[in-house]
Amino acid sequence: MKQLSSEVRRVTSLSEAEVHGLFALFATCYEAVNLEQFTADLSAKDDVLLLRDAGGVVQGFSTQVTRRFEIEGRVVRVLFSGDTIIAPEWWGTQELVRAWCRYAGRVKARHGDELLYWLLLSKGHRTYLYLPLFFHRYHPQAGSEDVALPHIKDVVASQMFGEDYCAASGRLEFVSSKGHLRSALADVPTARDRRVHVAFFLEKNPRYAEGHELVCLAEISPENMRGAARRHLLEGMQGEDCTPLPAVPWGKPAVC
């Protein structure tokens with residue numbers, strides 16, 4: 001089975017040619033995007049996870065930034081994953097999952113006892129499926145009546161995205177799209193739209209194909225994470241040079 005490898009780079013270390021290469025990859029999957037906006041969004045991030053094939057060619061990436069918030073007198077950290085893509089021919093590989101969980105573990109270890117949350121914008125059902133794959137509790141979640149996570153999400157999203165965030169819907173709603181999946185990638189297979197998590201995403205973000213983004217939040221902690229995601233988080237919390245914990249199979253197919 002073909003494999004990808006990963007590395008974490010500071011955004012400030014990327015050359016102009018590398019940034020252009022990332023945008024070219026991004027634009028193969030998203031419409032209504034441009035280099036100027038992509039570069040501006042990238043410059044607001046701390047790090048980028050790069051996924052390379054055996055020849056060293058970048059086949060995917062995910063941008064990351066950690067921000068501090070004070071909510072009702074308590075300091076919390078939020079890890080925000082920005083632009084993320086894997087070339088379709090590499091969908092199903094697991095390196096992004098492993099790399100992100102280990103990265104999140106390092107962020108968690110760096111901030112000690114502070115609560116750490118993952119802020120995820122779901123432009124499509126594949127992205128949303130990371131939540132039930134990784135976490136026990138998250139928001140929005142089918143059947144959940146949690147009131148704490150929605151409140152934290154509203155505070156964070158309102159501060160980060162201003163008027164683009166609609167608290168009533170829990171979505172970023174733009175007058176004109178700031179990037180959406182190409183139709184061939186956005187379509188939901190008929191057999192899949194009946195699955196509970198996919199159906200829930202479609203209910204919560206019916207205009208995803210027009211660029212609306214569902215704002216999601218989950219606490220990053222060993223107690224709230226599942227299976228292999230928890231194991232990779234713990235690897236990251238142990239440090240850069242830790243010995244990987246024994247590999248275990250994922251309970252669900254990979255999503256990208």
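Ala218 is buried, its relative accessible area being 0%. In this predicted model, Ala218 belongs to strand β10. Leaving aside residues up to four places away in sequence, Ala218 touches Leu116, Tyr117, Trp118, Leu131, Phe135, Arg137 and Tyr138. The C-alpha atoms of Ala218 and Phe134 are separated by 9.4 Å, although these residues stand 84 residues apart along the chain.

**Aromatic pairs around Trp118**

Trp118, one of the residues touched by Ala218, also takes part in aromatic pairing. The structure holds 16 aromatic pairs, and two that involve Trp118 are set out below.

| Pair | Centre to centre | Angle between planes | Class |
|---|---|---|---|
| Trp100 and Trp118 | 4.2 Å | 35 degrees | tilted |
| Trp118 and Phe134 | 5.9 Å | 25 degrees | stacked |

Trp100 lies in helix α3 (residues 95–110) and Trp118 in strand β6, so their pair ties together parts that are 18 residues apart in sequence. Trp100 has a relative accessibility of 4% and therefore counts as buried. Trp118 likewise counts as buried, because its relative accessibility is 4%. The planes of Trp118 and Phe134 meet at 25 degrees, so this pair is stacked; the cut-off for stacking is under 30 degrees. The pair of Trp118 and Phe134 links distant parts of the chain, with Trp118 in strand β6 and Phe134 in helix α5 (residues 130–134), 16 residues apart. Both Trp118 and Phe134 are buried.

Elsewhere among the aromatic residues, Phe23, Phe26, Tyr30, Phe38 and Phe61 form one cluster.

**Helix α6 and its surroundings**

Helix α6 comprises 14 residues, 148–161. From its first C-alpha to its last, helix α6 reaches 20 Å, close to the 20 Å expected at 1.5 Å a residue. Its buried residues are Leu149, Pro150, Ile152, Lys153, Val155, Val156, Ala157, Met160 and Phe161. An α-helix has 3.6 residues a turn, so residues three or four places apart point the same way.

Which strands are included in what covers the buried residues of α6? They include β4 (58–71), β5 (74–86), β6 (115–122), β7 (165–166), β8 (171–172) and β10 (213–219). Two of these strands have already appeared in this report: β6 contains Trp118, and β10 contains Ala218. Just after α6, Gly162 adopts a positive phi of about 60 degrees.

Methods
Residues are numbered from 1 along each chain as its sequence is written. This is a predicted model: local features need pLDDT of at least 70, side-chain atom pairs count only at pLDDT 80 or more; totals for chains, interfaces and linings use all residues. Side-chain values use heavy atoms; hydrogens and water are left out. Helices (H or I, at least four residues) and strands (E, at least two) are DSSP runs, numbered from the N terminus. The expected span of a helix is 1.5 Å times one less than its number of residues. Buried means under 20% relative accessible area, exposed over 50%, partly exposed in between (1.4 Å probe, protein chains only). Contact means heavy atoms within 4.5 Å. Rings of Phe, Tyr and Trp (its six-membered ring) pair if their centres lie within 6.5 Å; planes under 30 degrees apart count as stacked, over 60 as edge-to-face and the rest as tilted.
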